[in-house]
Amino acid sequence: MIKTITFIVTKDCQLACKYCYLVGKNERERMSFDIAKQAIDYILDREDEFREESVVWDFIGGEPFLEIDIIDRICDYLKTEMFRRDHHWFNSYRFSFSTNGINYHEEKVQRFIKKNLNHLSIGITIDGTEKKHDLNRVYKHSEKGSYQSVVKNIPLWLSQFPNASTKVTISSPDIPYVKESVLHLYSLGIHEVNINCVFEDVWKDGDDKLFEEQLLELADTIIQGDYYKDYTCSFFAEHIGKPLDSKRDNQNWCGAGKMLAVDAAGNFYPCTRFAQYSLRSKKACIIGNIKDGINKNLLRPFLTLDRSTQSPQKCMDCEVASGCAWCQGENYDAADTNTIYQRSIAICKMHKARVRANNYYWNKLYRKLEIEGKREEYEKNKKEVFNKIC
């Protein structure tokens with residue numbers, strides 16, 4: 001088991017991405033070292049409560065690297081304290097970042113990376129082609145696209161993290177650019193493209209059909225060009241699009257409640273999506289703070305969440321339900337009342353479009369492998385990769 005603990009070090013960002021769920025970004029709320037220290041001490045003092053084998057110390061914003069000085073100091077304190085206490089996380093920890101990549105090349109950031117490289121995961125968000133990226137990921141004061149500022153840092157990033165993946169977000173206006181964007185990211189040397197549709201209710205009539213067309217074209221290109229041998233795209237996965245197994249598939253999709261987040265005021269949240277700057281219409285869901293600790297009565301509802309406690313019956317009975325995702329924070333924000341037990345289904349038609357394209361992809365790939373007499377070899381290689389990951 002892995003515990004993810006997130007520091008919201010700033011609510012500021014250079015960008016004003018049009019699909020961003022962070023509706024309350026600002027330049028004022030920045031984490032102090034004293035707040036971070038108190039949060040760390042609270043957690044490390046309770047080793048018997050935080051018993052997971054490993055920990056991911058996650059840093060987000062806004063843009064986390066805007067606060068690289070305080071992050072560097074926090075990480076030094078974490079390493080020192082885990083060692084001093086002989087904490088079981090000392091030999092099993094990771095610092096994690098999702099960054100817009102704009103100031104990745106700066107000296108302070110690079111110095112931090114070199115110092116912590118063996119315990120570091122960094123993902124740079126680049127949305128695909130310049131046209132698609134700049135459609136949404138624009139500077140906050142000028143609305144100028146940020147593609148050129150980001151792409152120049154991709155070679156440096158990949159030289160340090162050759163197996164790194166990127167996260168691509170799809171919203172209604174940029175569906176026509178899905179295929180060419182995935183292939184563009186491959187051309188930049190990114191071998192794993194994690195891509196998802198936004199969970200918010202932004203989808204228009206016909207979006208699902210256009211989305212499916214893009215995925216079908218992408219599937220043809222990946223298979224015909226043999227990209228599947230060296231590259232992956234998360235839209236194509238063998239396990240999705242099946243009916244639910246009542247025993248195996250009832251777990252909660254989201255980790256809210258099992259994760260922990262802390263903000264600049266020292267408040268604890270079950271996930272960053274329950275902080276006020278992440279919510280459009282609901283009040284923040286605070287489960288404690290660094291002085292009073294975590295209120296387990298407030299946390300308990302999150303630990304009872306599973307698929308059946310929050311899904312409408314039509315989702316439970318859906319023939320392609322497996323792999324249909326949700327965000328707990330979006331569920332809460334979009335719900336009719338202040339509940340976490342009402343699942344948002346805005347993504348339904350997009351999931352079904354993905355499933356149709358996914359079935360096409362795997363049927364076509366396996367036919368190709370059968371004709372070429374390479375299916376057995378492919379299955380063997382896939383199993384070896386899976387065993388390495390596990």
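This dialogue looks at two helix packings and a cavity in a predicted model.

Reader: How are two packed helices described, and at what angle do helix 1 and helix 2 pack?

Author: Two packed helices are described by the angle between their axes together with the distance between those axes. In this model, helix 1, covering residues 33-44, packs with helix 2, covering residues 68-84, at an angle of about 25°, and their axes lie 10 Å apart. Because angles under 35 degrees count as roughly parallel, helix 1 is roughly parallel to helix 2. The crossing of these two helices, helix 1 and helix 2, is right-handed.

Reader: Which residues of helix 1 and helix 2 make the contact?

Author: Helix 1 contributes Phe-33, Ala-36, Lys-37, Ile-40, Asp-41 and Leu-44, while helix 2 contributes Ile-70, Arg-73, Ile-74, Tyr-77, Leu-78, Glu-81 and Met-82. By class, this contact of helix 1 with helix 2 has nine nonpolar and four charged residues, with no polar ones.

Reader: What are the angle and the axis distance for helix 7 and helix 8?

Author: Helix 7 (residues 178-187) and helix 8 (residues 207-224) pack at about 35°, with their axes 8 Å apart. Among the residues making the contact are Val-182, Leu-183 and Tyr-186 of helix 7, and Leu-215, Leu-218 and Ile-222 of helix 8. The contact of helix 7 with helix 8 divides into seven nonpolar, two polar and two charged residues.

Reader: How is empty space found, and how many cavities of 30 Å³ or more are counted?

Author: Rolling a probe the size of a water molecule over the atoms shows where empty space is left. Here the count comes to one cavity of 30 Å³ or more, and the largest cavity holds about 40 Å³ of space. The largest cavity is lined by Phe-199, Trp-326, Cys-327, Glu-330, Asn-331, Ser-344, Ala-346 and Ile-347, a lining of five nonpolar, two polar and one charged residues.

Key: Residues are numbered from 1 along each chain as its sequence is written. This is a predicted model: local features need pLDDT of at least 70, side-chain atom pairs count only at pLDDT 80 or more; totals for chains, interfaces and linings use all residues. Side-chain values use heavy atoms; hydrogens and water are left out. Axes are lines fitted to C-alpha atoms, for helices over the stretch in contact, and angles run from 0 to 180 degrees between N-to-C directions. Helices (H or I, at least four residues) and strands (E, at least two) are DSSP runs, numbered from the N terminus. Angles under 35 degrees count as roughly parallel, over 145 as roughly antiparallel, 65 to 115 as roughly perpendicular and the rest as oblique. A crossing is left-handed if the near helix is turned anticlockwise from the far one by less than a right angle, and right-handed if clockwise. Contact means heavy atoms within 4.5 Å. Ala, Val, Leu, Ile, Met, Phe, Trp, Tyr, Cys and Pro count as nonpolar, Asp, Glu, Lys and Arg as charged, and the others, Gly among them, as polar. On a 1 Å grid over the protein atoms alone, a cavity is a set of points where a 1.4 Å probe fits but cannot get out, and a pocket is an open set with protein on both sides within 12 Å along at least five of seven lines; lining residues have an atom within 4 Å of a point. Grid points are joined across faces, edges and corners, and a volume is the space filled by probe spheres set on the points.
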